[in-house]
Amino acid sequence: MPFTIATWNINSVRLRAGLVADFLAEAAPDVLCLQECKSPVDKIPSFEAQGYPYMVARGQKGYNGVAILSKRPIEEVGAHDHVELGHARHVAARLENGVIVHNYYVPAGGDLPDREVNVKFGQKLDYLTAMRDDFRASPPQRSILVGDLNIAPREDDVWSHKQLLKVVSHTPIEVAHMAEMQEAGAWIDVVRQSIPEGQLYSWWSYRSPDWDAADKGRRLDHIWASPDIAGAVHSARILRHCRGWEKPSDHAPVLVTVDL
């Protein structure tokens with residue numbers, strides 16, 4: 001039975017609960033994974049009225065936070081606090097069909113791509129290394145990984161490869177760490193499987209006075225699948241127009257359809 005899964009860095013689920021409701025009404029995914037909820041779990045708004053009575057989440061006041069909303073019953077299967085940062089950055093749930101969904105919010109890494117002068121950049125690299133080690137120890141099966149991974153790995157995942165080589169999110173060391181982590185789990189980038197060529201972005205900075213015309217985007221939000229189900233994933237799309245809604249997140253939702 002086909003189902004759709006979406007991922008969206010909402011940048012405060014309480015502030016943008018109305019946008020989440022609008023998105024659910026428009027796109028109607030079976031599962032929605034949110035990042036940067038910036039809310040304790042008990043303060044996350046209910047979306048039961050929109051047809052999503054089930055949720056698993058990890059919350060934190062004012063920072064981070066991840067949640068998985070679902071139309072159908074889901075079972076929480078754990079959460080990792082990689083490198084013991086004390087951050088709510090991961091939660092996992094099992095769907096009725098047995099698929100496990102991992103929802104991640106990888107640290108952004110600060111402004112300077114140098115761990116010697118920027119602690120946050122070191123934390124980001126260490127977090128990716130911990131993810132890699134976890135996938136090596138327990139290879140994913142019948143699994144989907146989604147989230148704001150805060151890295152745009154390919155040259156066509158950014159508006160200017162040359163100009164962003166020394167900008168956090170597209171530096172060679174970050175891309176290499178991400179590749180090792182992806183390889184450790186044998187994860188398939190099913191968005192690029194579906195859209196193999198061309199510029200593709202999911203994030204546009206608030207700093208741009210006209211983000212749409214400037215189009216200086218990056219693909220920071222990802223959906224991957226384990227090899228045993230990657231062939232069932234298709235129809236990837238990024239709902240760019242959501243970035244243009246009133247008081248939007250700086251990210252757009254990313255969706256795929258899975259035939260299982």
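**Entry 1: strand β7**

How many residues of β7 are buried? I looked this up in a model that is predicted. The count is 6 of the 6 residues, so β7 is largely enclosed by the rest of the structure. I then went through the two faces of the strand. Ile-100, His-102 and Tyr-104 are buried on one side, and Val-101, Asn-103 and Tyr-105 are buried on the other, so that both faces are covered.

**Entry 2: the partners of β7**

I next looked up which strands pair with β7. General background for this entry is that strands of a sheet pair through backbone hydrogen bonds, either parallel or antiparallel. With β6, strand β7 (residues 100-105) pairs in the antiparallel sense over 5 bridges. I noted two of the facing positions: Ala-93 stands opposite Val-101 in β7, and His-90 has Tyr-104 as its bridge partner. With β8, strand β7 runs parallel, and 6 bridges join the two. Here Ile-100 stands opposite Ser-143 in β8.

I also examined the hairpin of β6 and β7. It has 5 residues between the strands, and Gly-98 takes a positive phi near 90 degrees there.

**Entry 3: strand β6**

Is β6 largely enclosed or left open? Of the 5 residues of β6 (residues 90-94), 4 are buried, so this strand is largely enclosed by the rest of the structure. Besides β7, I found that strand β5 (residues 75-78) pairs with β6, in the antiparallel sense and over 3 bridges. Gly-78 stands opposite Ala-92 in β6.

**Entry 4: the sheet and its helices**

I then traced the order of the strands. The sheet is open, has 6 strands with mixed pairing, and follows the order β5-β6-β7-β8-β12-β9. Each of β5 and β9 has a single partner strand and stands at an edge, so one side of each is left without a neighbour in the sheet.

Two helices were checked against this sheet. Helix α4 packs on it and touches β9 and β12 (221-225), with its direction at about 25 degrees to that of β12. Helix α2 lies across β6, β7 and β8 (143-148), and it runs at about 165 degrees to β7.

**Entry 5: helix α1**

I listed the buried residues of α1 (residues 17-27): Ala-17, Leu-19, Val-20, Ala-21, Phe-23 and Leu-24. The buried residues of this helix pack against β1 (2-9), β2 (31-35) and β14 (254-259). Just after α1, I noted that Ala-28 takes a positive phi of about 50 degrees.

**Entry 6: nonpolar cores**

In soluble globular proteins, nonpolar side chains tend to be buried together. I therefore searched for nonpolar cores. The largest has 34 residues, and those with the most contacts inside it are Ile-5, Ile-68, Ile-144, Ile-223 and Val-256.

Which residues are in contact with Ile-223, leaving aside its neighbours within four places in sequence? Its contacts include Ile-5, Ile-144, Leu-145, Val-146, Ile-188, Val-190, Val-191, Val-254, Leu-255 and Val-256. Thr-7 and Asp-189 are also among them.

Another core, of 22 residues, lies apart from the largest one; its members include Ala-6, Val-20, Leu-34 and Tyr-52.

**Entry 7: aromatic rings**

How many aromatic pairs does a search of the whole structure find? It finds 5. One of them is the edge-to-face pair of Phe-135 and Trp-187, at 5.4 Å centre to centre with 75 degrees between the planes. This pair links distant parts of the chain, 52 residues apart: Phe-135 is in helix α2 (residues 119-137), and Trp-187 is in the loop between α4 (172-184) and β9 (188-189). Both Phe-135 and Trp-187 are buried.

Tyr-201 and Trp-204 form an edge-to-face pair as well, with 6.4 Å between the centres and 80 degrees between the planes. Tyr-201 and Trp-204 are both buried. I also recorded one aromatic cluster, formed by Trp-8, Phe-23 and Trp-245. Phe-23 had already appeared in my list of buried residues of α1.

My last search concerned a charge over a ring. Lys-216 lies over the face of Trp-159, at 4.7 Å from the ring centre.

Definitions and conventions: Residues numbered from 1 in each chain as written. Predicted model: local features only at pLDDT ≥ 70, side-chain atom pairs only at ≥ 80, totals over all residues. Heavy atoms only, no water. Phe/Tyr/Trp six-rings, centres within 6.5 Å; stacked < 30°, edge-to-face > 60°. Buried < 20%, exposed > 50% of the residue type's maximum accessible area, 1.4 Å probe, protein only. Lys NZ or Arg CZ within 6 Å of the ring centre and 35° of its normal. Core = buried A, V, L, I, M, F, W, Y, C linked by side-chain atoms within 4.5 Å. Contact = heavy atoms within 4.5 Å. Pairing = 2+ DSSP bridges. Axes fitted to C-alpha atoms, helices over the stretch in contact; angles between N-to-C directions.
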